[in-house]
Amino acid sequence: MRALQQMLNAVGHGPLIDDGIFGLQTESAVRLFQEAAGLTVDGIVGPRTTDALTRAQTGDTGQEPAVLQAVRRLGHEVYHDKMNIISVRAVPGVPNRYDDEIHIIFKDGDSFQHKVYPCTTDPGRYWLENPMYEAGTAILCPGQYVDTYKLDLHAGRTPALCQRNGPVKIWRDANKDEVIDYAVEGSQIEGHFGINVHSGGGQRVGAWSAGCTALQREEDFQQLLALCRASCQEVFTYTLILSTDVT
């Protein structure tokens, strides 16, 4: 059981305490992994789940991940010659938690390399209650933002994937409470808002995100940066979908 918990941590479905107890947190992590891997979501660690975990830990799988299949079904581009950076927003989500996932997927020969890290795609409670703009805090709308991101400095200080080459679409949450209010389609605003992908921290989002995608663990974010640099790409496409899009 401790080995299972360690494997779940290694593929980005933690953090779990490797105490050898199959409790609610471990079962929840198993279910999230099964959903991301396109398996039957039952919380049971059978042969298929064990095999998928083993392949995910080594990053070696010949089957197109379910997340990529969902992106294609939505009519977005799927890349086999460069990195796919895809965030999956939890539906329903829990405000102020790192309950979303960011998937980094690319082909290495005949195999897919697939990394999954916990993140938030929503603003934290601090910025919901204290928006920087009167219109409200930015919330990135689901969609694909082609060649919009570059490696640069977030807030001019720390390395990040930054919105540099084009617009994104957002909603504004102006209620100034801790509940995230997703607006209707017609209220989308398109423009340059500095919606970046950067490191977060702690168990709660708090002030770590004012609408950016923030990875919970610094070590995960450093892996993402290393993969981006190793790709030798000058620009990156970022796609945001919903957990309900992944079957």
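**Close-up 1. The backbone at D147 in strand β5 of the predicted model.** With a relative accessibility of 28%, D147 counts as partly exposed. The residue belongs to strand β5, which covers residues 143-154, and its phi is near 55°, a positive value in a residue other than glycine. As background to this view, most residues other than glycine have a negative phi.

**Close-up 2. The backbone at A155, in the loop between β5 and β6.** Although A155 is not a glycine, its phi is positive, at about 55°. The loop that holds A155 connects β5 with β6, the latter spanning residues 158-163. A155 has a relative accessible area of 48%, and this residue is therefore classed as partly exposed, given that the exposed class begins over 50%.

**Close-up 3. The cis peptide bond from V91 to P92.** The omega angle of the bond that leads from V91 to P92 is near -5°, and the bond is cis. P92 is placed in the loop between β1, residues 84-89, and β2, residues 100-108. For context, most peptide bonds are trans.

**Close-up 4. The aromatic pair of Y126 and W127.** By the ring-pairing rule, the model contains three aromatic pairs. One of them joins Y126 and W127 in an edge-to-face arrangement, with 4.8 Å from centre to centre and 90° between the planes. Y126 is partly exposed, its relative accessibility being 41%.

**Close-up 5. The aromatic pair of Y149 and Y238.** The rings of Y149 and Y238 form a tilted pair, in which the centres are 5.5 Å apart and the planes make an angle of 45°. Because Y149 lies in strand β5 and Y238 in strand β11, residues 236-242, the pair ties together parts that are 89 residues apart in sequence. Both Y149 and Y238 are buried, a class that requires a relative accessible area under 20%.

**Close-up 6. The charged end of K82 over the ring of Y79.** In this view the charged end of K82 sits over the aromatic ring of Y79, at 4.4 Å from the centre of that ring.

**Close-up 7. The charged end of K107 over the ring of F112.** Here the ring belongs to F112, and the charged end of K107 sits over it, 4.7 Å from the ring centre.

Definitions and conventions
Residues are numbered from 1 along each chain as its sequence is written. This is a predicted model: local features need pLDDT of at least 70, side-chain atom pairs count only at pLDDT 80 or more; totals for chains, interfaces and linings use all residues. Side-chain values use heavy atoms; hydrogens and water are left out. Helices (H or I, at least four residues) and strands (E, at least two) are DSSP runs, numbered from the N terminus. Buried means under 20% relative accessible area, exposed over 50%, partly exposed in between (1.4 Å probe, protein chains only). Rings of Phe, Tyr and Trp (its six-membered ring) pair if their centres lie within 6.5 Å; planes under 30 degrees apart count as stacked, over 60 as edge-to-face and the rest as tilted. A charge sits over a ring if NZ of Lys or CZ of Arg is within 6 Å of the ring centre and within 35 degrees of the ring normal.
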